[in-house]
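Here are my notes on one helix and on the cysteines. Please read them with the structure open.

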Amino acid sequence: MTLIIKDVTVIDGTGGVPRAGMDVLIADGRFADIRPSSTDTSSTPAGEPELDGSGGYLLPGLWESHTHLRDYGASLPEPERFAHLQDVLAGYLAEGVTSVCDLGGMPELSPRLRDASRADTAVASLFTSEAVFTGIDGWPVTGLLGHRSGIMEVGSADDARRYLQGSSLDEVDYVKCMFDGKPGGGQRLLPAALEVIIAAAHEAGKKVLVHIATGTDMREAVLAGADCIEHSPIPRDPGDLSELDELAGLMADAGTLYCPTVATWEQLAYGAYPDYLERLITDGILTPDGAEEIRARPTYGQPFPKHPAEECRVRFEYAMRTLPVFHEANVKLVAGSDIARVMPTPARALLRELQLFAKAGVPSSAVIASATGRAAEKVGKREATGTVAVGSVADAVLLDSDPVADISHLIDRRHLRAVVSSGRIVHRGQADL
């Protein structure tokens, strides 16, 4: 299978300078050559399929680096879940999201769903953690009765060692730890246990993604060797940025990535406000018909049981103020939306996350990298995917306008010309019709 995208501007997903006038050759599902465009076709095999990229911008397929597929399938009868989640992954792909990282799904389905996604270019590729480590009765299972599938409750460093000795990390893509100092969250995973889990994961070649609630959680997780911090923190003092200045410096020195999930806090803070859906319509995330569908959802306007709206408002506003602090400190930002509670689709939740990064003042080139190369780096896949580079998996999005000049060109589906999945054109966008 071969494909050549002619005379396109390449935005490679590293945050580097775009390269105009390039021909991108794809063979056997990977980028085989990236070269200056030429009218000389002598080196191009006869009959090779072409995609006209003139006036267009080619960037890697987007990554949703933090979501929970359980939220989109657990309420369905068990026989219907697998097919429904495949449809969810197909929906991601239709909007240019070619890879999805599930940070707490359904272990009974995740391995089969992941394997099926890797063999099917019509759905986004799935990466999973399957099991999540937390403290005894720790976040998020505090007070939960009955089935706790996929949750490993660890009470000590010795508990962690015993569990890891009797298990294998070979089948997971990465490891997720809940390291939550939020009051009322049950027993927090002990720092010593977190260190044991991280050391074992790193020995197995796996990245460790650590869910936090406070600045103390962030500091201790970074010192324990976390590869990425999940969520922005509850501030010690919303008016004082000194805590975040210190944390940003610590994370930059350690090379720890940061996935703030600001779209989550925005939805939980403002989702019940009458004007919130109007704001999403104005920003191009939602249509009026989509707003009506959201208003009809049973959960619309209902409080989220574990995160009070006022706490989420503080986290959201603090995250938006401090995102430039992390960027300027050279902390690598990663995009992940977590939930789509007040969004038309899960993919639109990710696009809202990118939009919020830009609204906070993060440059567009860094916003794009956060959902491409850095997202692949977060889960240890950067050498094989996430960038437009020779040898990388040929997942890509072709736009008709420059997203570096204006990130709205990535958000607005009218600019989408094509989605490429493992070298195959799987969608033609409105801009290419």
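The points below take the helix, then the cysteines.

1. Status. The model is predicted. Every value here is computed from it.

2. Span of H11. Helix H11 covers residues 309-328, 20 residues in total. From first C-alpha to last, H11 reaches 29 Å. That is close to the 28 Å expected at 1.5 Å a residue.

3. Bend. Where does H11 bend? The place is Thr322, and the angle is about 35°. A proline, Pro324, follows within four residues. Both Thr322 and Pro324 are among the buried residues of H11.

4. Buried residues. The buried set of H11 also includes Glu311 and Arg315. Phe316, Tyr318, Met320, Leu323, Val325 and Phe326 are listed there too, as is Cys312.

5. Packing partners. Which elements do the buried residues of H11 pack against? Four are helices: H6 (215-224), H7 (242-254), H8 (262-270) and H12 (346-360). Strand S14 (257-259) is a partner as well.

6. After the helix. Asn330 comes just after H11 and takes a positive phi of about 70°.

7. Disulfides. How many disulfides are there? The count is zero, with a cut-off of 2.5 Å between cysteine sulfur atoms. Take Cys228: its closest cysteine sulfur is in Cys259, 5.4 Å away, so the two are too far apart for a bond. For Cys259, the closest cysteine sulfur is in turn that of Cys228.

8. Burial of this pair. Cys228 is buried, at 0% relative accessibility. Cys259 is buried too, with a relative accessible area of 0%.

Definitions and conventions: Residues numbered from 1 in each chain as written. Predicted model: local features only at pLDDT ≥ 70, side-chain atom pairs only at ≥ 80, totals over all residues. Heavy atoms only, no water. Helix = DSSP H or I, 4+ residues; strand = E, 2+ residues; numbered from the N terminus. Expected span 1.5 Å × (residues − 1). Bend = angle between axes of the 7 residues up to and from the residue. Buried < 20%, exposed > 50% of the residue type's maximum accessible area, 1.4 Å probe, protein only. Contact = heavy atoms within 4.5 Å.
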